[in-house]
Amino acid sequence: MLKVKLLFPLTIIAQLSFGQNIFPTVWKFRTGDDPHWAEININTGDWQNITPGKIWENQGFENYDGYGWYRAEVIIPSSMKKEAEKKGGIILKLGKIDDADYTYFNGALIGKTGELPPNYISAYDIERTYEIPLSKIIWDKPNVIAVRVYDEKGGGGITGENLRLAVKGVDDLV
């Protein structure tokens, strides 16, 4: 019985180290467009809070079409590093985004789906999964995720479910 009590906490620690989804639940949001908003050190004090996974029209931005930026800080624990190296990296799953996005991590473009104007191509029905290069991660300190979204019409923003930031190939164990 004593062995079970000792091993169980170690299992939980291991799961928390690399299996836990550390996706931020509240992000900063601003309408409009400025490519500098992808940079790490900008002031978001006048940005509003938003919950990704719900259209922005239901969060105070009624009838808004155009550009919107999401930003969040996330601390990726160094306890995930070894497993991330072994499994092939860290992934960011944003689900569906209405309509097109360019996604940045610590100021570097890590992926895009669809096309922004003037060559606009909607990709509202495509799941977004982007790999974060391990070389771009600042372990145990704040990292910045910035998502530039363009919505042509209707509901806009990060609308997907099962949003994740986790080690590639590891299911959420917690």
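How many bridges join β4 and β7, and do they pair in the parallel or the antiparallel sense? The two strands pair over six bridges, in the antiparallel sense. Keep in mind that this is a predicted model. Let's start with the whole chain and then come back to β4.

**The overall layout**

The protein chain has two helices and 10 strands. If you read along the sequence, you meet them in the pattern α-β-β-β-α-β-β-β-β-β-β-β. Of the 174 residues in the chain, 44% are buried. Now take the contacts in the chain with a separation of 6 or more: residues 24 or more positions apart account for 79% of them.

**Strand β4 and its partners**

Back to β4, which covers residues 90-98. It is mostly covered, with seven of its nine residues buried. Besides pairing with β7, β4 pairs with β10 and with β9, a strand made of residues 157-158. Here are the pairings, with an example of residues that stand opposite each other in each one:

| Strands | Sense | Bridges | Example pair |
|---|---|---|---|
| β4 and β7 | antiparallel | six bridges | K96 and E127 |
| β4 and β10 | antiparallel | four bridges | L92 and L165 |
| β4 and β9 | antiparallel | two bridges | I97 and I158 |

One general point helps when you look at strands like these: in a regular strand, the side chains alternate between the two faces of the sheet.

**Two nonpolar cores**

Which residues have the most contacts inside the largest nonpolar core? They are W27, Y70, L94, V147 and L165, in a core of 31 residues. Several strands chip in: β1 (27-31), β3, β4, β7 (127-132), β8 (142-151) and β10 (164-167) each supply at least two residues. The biggest giver to this core is β4, with four residues. There is also a second, separate core of 11 residues, and W37, W47, Y67 and A146 are among its members.

W27 is a good residue to click on. Leaving out residues up to four places away in sequence, W27 touches Q48, N49, I50, P52, Y70, R71, A72, L94, I145 and V147. Two of the names in that list, Y70 and L94, also appear among the residues with the most contacts inside the largest core.

**A buried arginine**

R71 sits in strand β3, which runs over residues 66-75. Is R71 buried or exposed, and what is the nearest side chain of opposite charge? R71 is buried, and that nearest side chain belongs to E73, 6.0 Å away. R71 has no salt bridge. That follows because a salt bridge needs the charged atoms within 4 Å.

What does the side chain of R71 reach instead? It comes to 2.5 Å from the backbone oxygen of W37. A polar atom of that side chain also lies 2.8 Å from the backbone oxygen of E39. Beyond its neighbours within four places in sequence, R71 is in contact with a whole list of residues, including W27, W37, E39, W47, I145 and A146. Of these, W37, W47 and A146 belong to the second core.

**Out past β10**

Finally, look at G169, in the segment after β10. G169 counts as exposed because its relative accessible area is 67%, and the cut-off for exposed is over 50%. G169 and I90 are 79 residues apart along the chain, yet their C-alpha atoms are separated by 8.9 Å.

Technical notes
Residues numbered from 1 in each chain as written. Predicted model: local features only at pLDDT ≥ 70, side-chain atom pairs only at ≥ 80, totals over all residues. Heavy atoms only, no water. Buried < 20%, exposed > 50% of the residue type's maximum accessible area, 1.4 Å probe, protein only. Lys, Arg positive; Asp, Glu negative; His and termini not counted. Polar contact = N/O pair within 3.5 Å; in protein donor to acceptor, adjacent residues only side chain to side chain. Contact = heavy atoms within 4.5 Å. Core = buried A, V, L, I, M, F, W, Y, C linked by side-chain atoms within 4.5 Å. Pairing = 2+ DSSP bridges.
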